[in-house]
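Visitor: Please choose one part of this model and take me through it closely, with every cut-off stated, and place it within the fold around it.

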Amino acid sequence: MKQFLLCIMICMAFSNCKTKKTTTTDKNEYGYSKSNPIKVGGVKTDEGLLNEREYLRSLVDLEGNDLSFYRIGSCCSFKTSNSGWGSGMLDIYTVYIEGKTDTVHLYLNMYDEDKLYAPKGFRFKM
């Protein structure tokens, strides 16, 4: 958990120091697609689900509005060496933006870890 929070803080620091750019180079895909999920890791330490929720809690929309989210289920089996059985499933979250009617679906991977970014239309809280 401490490593995950440290990673979030480092990402926030880098995004604030360089530019205000808070999305990946693949703006249309990161987190919005099963082929490019947000890899929060943590399943080996039994913190995978917690990492997903901490990541989502660290986001706001570009205007700074808070989010709420709801896990709608899992999909999309994939191979990974980070599970006990050699495969994993992605979790899908519906994300609601406070004060807006739009929702989005984000795909998160609790098995594998990677550098964390904010998906298109979102940024990390400051």
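**The sheet, its hairpin and the salt bridges beside it**

Guide: Of the 126 residues in the protein chain, 42% are buried, where buried means under 20% relative accessible area, exposed means over 50%, and partly exposed covers what lies in between, with a 1.4 Å probe and protein chains only. This is a predicted model, in which local features need pLDDT of at least 70 and side-chain atom pairs count only at pLDDT 80 or more, while totals for chains, interfaces and linings use all residues. Residues are numbered from 1 along each chain as its sequence is written, and side-chain values use heavy atoms, with hydrogens and water left out.

The protein chain contains 2 helices and 6 strands, taken as DSSP runs numbered from the N terminus (helices are H or I with at least four residues, strands are E with at least two). Read from the N terminus, the order of elements is α-β-α-β-β-β-β-β. Among contacts (heavy atoms within 4.5 Å) between residues at least 6 apart in sequence, 64% join residues at least 24 apart.

The part I have chosen is the hairpin and its surroundings, and the sheet comes before it. An open sheet with mixed pairing is formed by 4 strands in the order β1-β5-β4-β3, two strands being paired if DSSP finds at least two bridges between them. The edges are held by β1 (38-39) and β3, and each has a single partner strand, so one side of each is left without a neighbour in the sheet. Strands β1 and β5 run parallel and are joined by 2 bridges; Ile38 has Leu108 in β5 as its bridge partner. Leu108 also stands opposite Asp91.

Strand β4 (residues 87-97) pairs with strand β5 (residues 103-109) in the antiparallel sense, over 6 bridges, and within β5 the bridge partner of Thr94 is His105. These two strands, β4 and β5, form a hairpin with 5 residues between them, and Gly99 in the turn has a positive phi of about 85°. Across β1, β3, β4 and β5 lies helix α2 (residues 48-57), which runs at about 30° to β4; the axes behind that angle are lines fitted to C-alpha atoms, for helices over the stretch in contact, and angles run from 0 to 180 degrees between N-to-C directions.

The loop of the hairpin takes part in a network of salt bridges that links Asp61, Glu63 and Lys100, a salt bridge being a side-chain nitrogen of Lys or Arg within 4 Å of a carboxyl oxygen of Asp or Glu. Asp61 is bridged to Lys100, with the closest N and O atoms 3.1 Å apart, and this pair links distant parts of the chain, since Asp61 belongs to strand β2 (residues 59-61), Lys100 to the loop between β4 and β5, and 39 residues separate them. Asp61 counts as buried because its relative accessible area is 2%, while Lys100, at 35% relative accessibility, counts as partly exposed. The side chain of Lys100 also meets that of Glu63 in a salt bridge (3.1 Å, N to O). Here Glu63 lies in the loop between β2 and β3, so the pair ties together parts that are 37 residues apart in sequence; Glu63 itself, with a relative accessible area of 59%, is exposed.

Asn65 is also found in the loop between β2 and β3, and at 23% relative accessibility Asn65 counts as partly exposed. Leaving aside residues up to four places away in sequence, Asn65 touches Val60, Ile97, Glu98 and Lys100. Although Asn65 and Phe122 are 57 residues apart in sequence, their C-alpha atoms are 9.5 Å apart in space.

The structure holds 4 salt bridges, and one of them joins the side chains of Glu54 and Arg57 (3.0 Å, N to O). These two residues are 3 apart in helix α2, which means that about one helical turn separates them; Arg57 is partly exposed at 41% relative accessibility.

At the surface, Tyr70, Ile72 and Tyr96 make a nonpolar patch of about 320 Å². Patches are built from residues with over 30% relative accessible area and no salt bridge, like charges being joined within 9 Å and nonpolar side chains (Val, Leu, Ile, Met, Phe, Trp, Tyr) within 5 Å; accessible areas come from the Shrake-Rupley method with a 1.4 Å probe, and for residues only the protein chains shown count as cover. Ile72 belongs to strand β3 (residues 67-79) and is partly exposed at 44% relative accessibility.
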